[in-house]
Amino acid sequence: MNFKPSGAWDRLAAALLVLAFALAGLKILQRAPASDFAVPLIEAVKPLSRTGLPGQQLSPDGRFRFDAQFVSSSPGQAVHAASLVELRDGRLRAVWFSGSREGAGDVTIQSAITDATGLRWGPESTLFDRQTLQQGLWRYVKKLGNPVIARAPDGSLCLWMVNVSLGGWAGSSITWARSTDEGATWSAPRRLVTSPFLNISTLVKGAPVNFENGETGLPVYHEFVTKFGEVLRINALGEVVDKTRIPGSRTSLQPVVLVSGPDKAQVYMRSGNARALMASDTADAGKTWSATHASAWPNPDSALAGVVTNTGTQWLALNPAPRNREMLALLQTAPGGSFDGATPWMVESSANPQARTSTADYERLLTQELKALGARDDEAQAYVASARRQLCGEQSCSQEFSYPYLLQSRDGYLHLVYTWHRTRIKHVRLDPLQTPQSAQAAPANVPSGK
């Protein structure tokens, strides 16, 4: 005999369903109201002295000076996606991923720290690998990706990492860990739950921003089926309490948030196929964002970085060409201003960005720069072999300066770390208040931004 639920059972099920919705609604109503962005006070600062800096060199466009050094120190590895944080004693800590190739099972999250003067990088160490994540998460981890390190509102350090258990990067999720001793030790890794749909296809690249109520705004992006950017609100326990999708960002990813006031911010994003730097803005502290639109700057489907300095000036680091990553430049604008029409500060550029380099010339150029910055002959050979494996065809190579990350330290210097030929992480330090040394226009092969 078949059992048929009586009307009483139907009414009970309906009541339970209503109760569940009511409890869910009550939980949302009890959520702390969204607050304004935490905006640091604008300071009156003086230009920094550039005397005594090691490796001081003139930029490729002749407009400014900076000092440069390499961060990573494992010859032969493929390295990528560095980020940066300042420690309480003024030193810098960088993190990045490293392995035989991107997406390989041997990829690890590496880290290094500058010395007491902040001018030289120490040896690198491993923070996390697949086995560590698997043991902490109690789940299979196939590969690791982009790490982002930042100081949380409570003073601890947070590290968010992309990891995949099944499939490619579209199947990614985010794992995070916390350190209360400036990165010497880390908590067990934990999953960041961002979606009820299997909690997949959420990746991180851009620096977080803070809110006045102690929450963190973490810019993330999705690649499953379609691409779009979001900003997650994360509480002090590391839990996602809210998220806002950036409308119209269907082909955009890796958002960078620049805060220009308590309720105003701009987002800039890598373009998947529009070949233009994409932008959006908010006037209500991130509760809503304007429809995504193309800026005047091209984008070769490559990541960018941004920072707001202690004078309120906004900076972007990007590849300012429509087809390749052979140039890396900085742009600056007034607080809340537009980067359209800005003259780029060129950090790196191949001799002819529109053409590939012969393998022989490529190896010679890389070897010269590696040795100039202190690499031994055997180290230089290993670095060049790694770059050749990733960026060269049978007879020619594509130079690459990509995936930048920007930070201003408390002493006022601007720090830029980025991937150098997929074989090293490079660090550039400059004074953001220095006056450009020449009024020459941008080189002819660099878009004007107009």
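A residue counts as buried when its relative accessible area is under 20%. Keep that cut-off in mind as you move through this predicted model.

**Stop 1: a ring pair between two loops**

Select Phe37 first. With a relative accessible area of 2%, Phe37 is buried. Now add Phe211, which is buried too because its relative accessibility is 4%, under the 20% cut-off.

Show both side chains together. A pair of aromatic rings is described by the distance of the centres and the angle of the planes. Here the centres of Phe37 and Phe211 are 5.1 Å apart and the planes make an angle of 20°, a stacked pair. Next, colour the chain around them: Phe37 belongs to the loop between α1 (7-30) and β1 (56-58), while Phe211 belongs to the loop between β12 (209-210) and β13 (216-222), so this pair ties together parts that are 174 residues apart in sequence.

Before leaving, bring up Arg233. Its charged end sits over the ring of Phe211, 3.8 Å from the ring centre.

**Stop 2: another arginine over a ring**

Select Arg245 and Phe228. You will find Arg245 over the face of Phe228, 3.6 Å from the centre of the ring.

**Stop 3: a cluster of rings**

The structure has 7 aromatic pairs. For another of them, go to Phe64 and Phe66, whose rings form a tilted pair, 5.6 Å centre to centre with 40° between the planes. Phe64 and Phe66 are both buried. Then widen the selection to include Trp315 and Trp345, since ring pairs link these two with Phe64 and Phe66 into a cluster.

**Stop 4: an open sheet**

Switch to a cartoon view and pick out β1, β2, β28, β27 and β26. In that order, these 5 strands form an open sheet with antiparallel pairing. Which strands stand at the edges? They are β1 and β26 (401-408), each with a single partner strand, so one side of each has no neighbour in the sheet. On average, neighbouring strands of this sheet are turned by 30° against each other, ignoring direction.

Now zoom in on β27 (residues 414-420) and β28 (residues 424-430). These strands run antiparallel and are joined by 7 bridges. To see one residue's partner, select Thr419 and look across to Ile425 in β28.

**Stop 5: the helix across the sheet**

Finish by selecting α3, residues 359-372. This helix lies across β2 (65-70), β27 and β28. Line up your view along β27, and you can follow α3 running at about 140° to that strand.

Notes:
Residues are numbered from 1 along each chain as its sequence is written. This is a predicted model: local features need pLDDT of at least 70, side-chain atom pairs count only at pLDDT 80 or more; totals for chains, interfaces and linings use all residues. Side-chain values use heavy atoms; hydrogens and water are left out. Rings of Phe, Tyr and Trp (its six-membered ring) pair if their centres lie within 6.5 Å; planes under 30 degrees apart count as stacked, over 60 as edge-to-face and the rest as tilted. Helices (H or I, at least four residues) and strands (E, at least two) are DSSP runs, numbered from the N terminus. Buried means under 20% relative accessible area, exposed over 50%, partly exposed in between (1.4 Å probe, protein chains only). A charge sits over a ring if NZ of Lys or CZ of Arg is within 6 Å of the ring centre and within 35 degrees of the ring normal. Two strands pair if DSSP finds at least two bridges between them. Axes are lines fitted to C-alpha atoms, for helices over the stretch in contact, and angles run from 0 to 180 degrees between N-to-C directions. Contact means heavy atoms within 4.5 Å.
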